[in-house]
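Biologist: I would like to learn how to read a model of this kind, going from one strand to the sheets and then to the whole chain. Could we go through it together?

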Amino acid sequence: MAYGVCPNCGCSVRYRVSSRQRVSWLNRLAAELGRGEPAVVLCYGCWKHPEVGDDVEVLDPPPVGEVIRRRARGIVTAVDYLEGNTLYQVEGRSGDAWQCRMQRWQIKVLTGGPVGTVCLYLGPDGT
Ligand SMILES: [Zn+2]
């Protein structure tokens, strides 16, 4: 088991990497990942694609004045696909009257998520 820090938001991540393959270098890699190294995975909230109704936290506010602060809480009210980009319409929570379109890297999902250790399995394609 490995403990690391999400490279996107900085929260702690607990994960385990394993391999059941007959490929020795893959098994060694799985055993060594996370030992004294930064996390190789994002936390659930930074990994999951936000959906309408998800609670989110603003990680990197857009430059629209001082209205939206870092770590502000919001809710996703729409997901738009424009010219190959996915944009999330987010409205403020807790009496904050703001709304803004944001990109994925600017927000972290707070809704749901696994409890406990996230397990990753390494293996070649098609297995
Ligand atoms: Zn994260």
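Biologist: Which residues of β6 make up its covered face, and which its uncovered one?

Modeller: Bear in mind that this is a predicted model. In β6 the covered face consists of Cys100 and Met102, while Gln99 and Arg101 form the uncovered one. The two covered residues, Cys100 and Met102, also appear in the largest nonpolar core.

Biologist: Which residues make up that largest nonpolar core, and which elements give two or more residues to it?

Modeller: The core has eleven residues, namely Val56, Val58, Ile68, Ala72, Val76, Tyr88, Val90, Cys100, Met102, Ile107 and Val109. The elements that contribute two or more of them are β3 (55–58), β5 (85–92), β6 (99–102) and β7 (107–109). Val76 is a useful core member to inspect: leaving aside residues up to four places away in sequence, Val76 touches Pro50, Glu51, Val52, Gly53, Asp54, Val56, Tyr88, Gln89 and Val90.

Biologist: How should I read the pairing of strands, and in what order do the strands around this core stand?

Modeller: In general, the strands of a sheet pair through backbone hydrogen bonds, and they do so either parallel or antiparallel. Here, an open sheet of five strands has the order β6-β5-β4-β3-β7, and its pairing is antiparallel. Because β6 and β7 stand at the edges with a single partner strand each, one side of each is left without a neighbour in the sheet. Neighbouring strands of this sheet are turned against each other by 40 degrees on average, with direction ignored.

Biologist: How many bridges hold the two edge strands to their partners?

Modeller: At one edge, β5 and β6 pair in the antiparallel sense over four bridges, and Val90 stands opposite Cys100 in β6. At the other edge, three bridges join β3 to β7, again in the antiparallel sense, and there Glu57 has Lys108 of β7 as its bridge partner.

Biologist: What is the order of strands in the sheet with mixed pairing?

Modeller: That open sheet has three strands in the order β1-β2-β8. Its edges are β1 (2–5) and β8 (118–122), each of which has a single partner strand, so one side of each lacks a neighbour in the sheet. For this sheet too, the average turn between neighbouring strands is 40 degrees, direction ignored. Strand β2 (residues 12–19) is joined to β8 by five bridges, and the two run parallel; Tyr15 stands opposite Val118 in β8. Helix α1 (residues 24–32) lies across β2 and β8, and runs at about 160 degrees to β2.

Biologist: How do these elements follow one another along the chain, and into which domains is the chain divided?

Modeller: The protein chain contains two helices and eight strands, which run β-β-α-α-β-β-β-β-β-β from the N terminus on. It is divided into domain 1 (2–45 + 113–122) and domain 2 (50–109), and the centres of domain 1 and domain 2, taken over C-alpha atoms, are separated by 28 Å.

Biologist: What do the overall dimensions and the contacts add to this picture?

Modeller: The protein chain has a radius of gyration of 18 Å, whereas a compact globule of 127 residues would have one near 14 Å. Along its principal axes, the C-alpha trace spans about 55 × 30 × 25 Å. Buried residues make up 20% of the 127 residues. Among contacts between residues at least 6 apart in sequence, 56% join residues at least 24 apart.

Note on methods:
Residues numbered from 1 in each chain as written. Predicted model: local features only at pLDDT ≥ 70, side-chain atom pairs only at ≥ 80, totals over all residues. Pairing = 2+ DSSP bridges. Axes fitted to C-alpha atoms, helices over the stretch in contact; angles between N-to-C directions. Contact = placed C-beta atoms within 7 Å. Core = buried A, V, L, I, M, F, W, Y, C linked by C-beta atoms within 7 Å. Buried ≥ 20, exposed ≤ 12 C-beta atoms within 10 Å, placed from the backbone. Rg over C-alpha atoms; globule rule 2.2 N^0.38 Å. Domains from an automatic or database assignment.
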